[in-house]
Amino acid sequence: MHCEEFDDLTATELKKKPRKSRLKTGAGDKRDGLENLPRARGLCINCDDAEICKLAGFGGEVVFCEEHSSNFDNAGKDKAHPSIFTNMPDLGVKNLVPGWDT
Amino acid sequence: MKSLAPYCADVLQKLKDKYPWEKEFHQAVHEVFLSIGTVVGNDPHYRHESILERIVEPERTIIFRVPWRDDAGAIHINTGYRVGFNSALGPYKGGLRFHPSANLGIFKFLGFEQTFKNALTGLPLGGGKGGSDFSPRGRSDREIENFCQSFMTSLYQHIGPNTDVPAGDIGVGAREVGFLFGQYKRLKNAWEGVFTGKGLDWGGSYLRPEATGFGAVYFAEEMLKTKGERLEGKTVAVSGFGNVAWGVVTKAAQMGAKVVTLSGPDGFIHDPAGIRGEKIDYLLDMRRSTRDLVEDYAQRFKVNFYPGERPWRVKCDIAFPCACENELDENDAKALLKNGCRCVTECANMPVTPEAMDVLLESKILYSPGKASNAAGVACSGLEMAQNSSKIRWTREEVDKRLRTIMADIHRSCLQAAEQYKKNGNYFVGANIAGFIKVANAMIDQGNT
């Protein structure tokens with residue numbers, strides 16, 4: 001991180017020599033260790049459906065899930081999270097597709 | 001593992017050396033590089049311009065402290081992020097995610113993917129993503145408001161309708177967008193279209209909730225047309241019952257298809273008579289109930305429920321995976337083919353595993369990647385931006401018409417790019433190439449930026 005003796009020329013010469021990247025190995029080792037520690041992993045960890053979900057990859061490092069449930073309880077108790085559905089009460093086939101006979 | 005073109009492999013290796021901990025981001029770059037090897041190999045201009053080195057590095061990354069006070073008076077500290085990945089085609093555009101698993105590597109991965117998806121829409125949209133490691137779960141409305149206001153107090157100076165236009169994502173719904181937009185407006189002293197996904201009464205667009213699903217169905221219809229077929233009369237399998245699945249079911253039924261499956265976290269239902277009319281409205285009731293059990297549908301309409309299973313073994317002509325990543329694996333793909341499925345349209349992001357993707361591509365059936373077929377969500381956001389800029393609101397029919405045109409354009413772009421590089425009918429390669437060329441050429445036109 002700090003080197004009072006740093007000079008560009010030496011650094012350029014070093015770049016020309018093929019050598020194993022110490023940074024990569026070191027960081028990789030640390031990372032592997034961290035993965036064994038309890039920490040946030042993927043979208044499932046705070047999903048309301050965590051106890052019932054049987055979707056593929058559940059509990060892994062899920063990044064995409066259209067079914068992630070955000071109906072989080074909050075201090076309002078009776079007030080569900082205003083999701084896209086609860087916020088638009090007029091949604092429904094008849095309103096959505098005018099003229100379409102359901 | 002498939003090999004990369006030398007230039008692509010070189011750039012990816014340098015990226016891994018520089019950011020060894022960003023595994024998701026490496027995977028996203030690897031996937032795009034697999035498709036564009038021929039493009040950069042055939043045109044030395046790209047290498048001369050160091051386009052790959054530039055395209056994998058975000059233009060800017062903003063990281064900031066988000067202090068906020070809970071209802072008990074205690075101060076909490078979260079980290080806020082906004083990655084402006086690429087603005088060659090327009091202002092950075094991409095959602096905000098509030099989730100404890102969020103980190104810079106995830107946002108770079110999502111921003112990179114977003115850049116090419118947005119490019120495919122043909123709208124002036126760059127790519128970006130951001131959010132925080134904050135979890136809204138268990139927090140009161142007041143705590144959420146405190147957090148959103150603190151988050152925006154740091155972010156507002158970096159965003160704007162011509163700079164960076166965020167939207168919602170996981171953990172950022174209508175409530176959060178409202179709080180964030182309100183704080184931005186207050187700090188900027190300006191009402192401007194800096195967010196998409198806004199409430200319908202204050203600048204939002206018609207069709208935003210259902211756009212992704214509707215667009216995927218339009219894309220499937222375009223694919224079927226290339227084989228002289230139509231959606232009408234086809235049997236459709238759908239997974240999920242969130243807003244994407246709901247949009248697909250609604251539009252597919254409207255266009256005369258018979259949707260026979262839905263799935264939830266608990267399993268799937270098979271409704272051979274077809275899901276339409278009041279059954280579609282019942283999906284909304286199911287969501288509003290917050291029980292999130294698709295078994296409720298089976299009990300209400302007396303159809304079969306299959307606990308813990310996925311719907312891909314049901315006989316169908318078209319499959320729309322709408323739930324989550326990796327939900328359709330190699331065995332599922334083989335089962336679909338065995339049962340005569342002729343079209344798989346990804347509606348979720350990356351719902352098909354790499355092994356299943358190989359099976360589908362090998363089979364030569366119609367198969368579209370999510371970055372093309374689910375792009376209507378962001379396309380509708382682009383239309384929301386256009387409406388905000390011109391201070392008008394289009395009717396539902398007008399937005400729908402424009403969305404359909406955009407999806408037809410995306411389809412044509414994918415098909416033409418695939419044909420140009422001798423991968424006829426391969427929408428996966430076509431989408432990656434078409435998105436890449438648009439972004440790369442714009443970057444070259446704009447000089448060394």
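I will start in chain B, where B:Phe64, B:Trp68, B:Phe98, B:Phe134, B:Phe147 and B:Phe151 form one aromatic cluster. Please keep in mind that this is a predicted model.

Over all chains, the count comes to 23 aromatic pairs. One of them is B:Trp68 with B:Phe134: the ring centres are 5.2 Å apart and the planes stand at 90°, so this pair is edge-to-face. B:Trp68 belongs to strand 1 (residues 60-69) of chain B, while B:Phe134 is in the loop between strand 4 (127-132) and helix 6 (141-155) of chain B, so the pair ties together parts 66 residues apart in sequence. Both B:Trp68 and B:Phe134 are buried.

Chain B also has charges over rings. B:Lys251 lies over the face of B:Phe214, 4.5 Å from the ring centre. The charged end of B:Arg402 sits over the ring of B:Trp394, at 4.0 Å from its centre.

Now chain A. Which pattern does chain A follow along the sequence? The pattern is α-α-α, with three helices and zero strands. Of the 102 residues in chain A, 29% are buried. Chain A exposes about 7,200 Å², and carbon and sulfur atoms supply 53% of that. Among its contacts between residues at least 6 apart in sequence, 8% join residues at least 24 apart.

On confidence, chain A averages a pLDDT of 58, and 34% of the residues score at least 70. Among the elements of chain A, helix 1 (residues 8-16) has the highest mean pLDDT, 57, and helix 2 (residues 22-35) the lowest, 30. Residues 17-39 of chain A have pLDDT below 50, and this stretch has 13 contacts beyond near neighbours in sequence. Residues 73-89 of chain A are also below 50, with 36 such contacts in the model.

Key. Residues numbered from 1 in each chain as written. Chains lettered and ligands numbered in written order. Predicted model: local features only at pLDDT ≥ 70, side-chain atom pairs only at ≥ 80, totals over all residues. Heavy atoms only, no water. pLDDT = per-residue confidence, 0-100. Helix = DSSP H or I, 4+ residues; strand = E, 2+ residues; numbered from the N terminus. Contact = heavy atoms within 4.5 Å. Buried < 20%, exposed > 50% of the residue type's maximum accessible area, 1.4 Å probe, protein only. Areas by Shrake-Rupley, 256 points an atom, 1.4 Å probe, with all protein chains shown as cover. Phe/Tyr/Trp six-rings, centres within 6.5 Å; stacked < 30°, edge-to-face > 60°. Lys NZ or Arg CZ within 6 Å of the ring centre and 35° of its normal.
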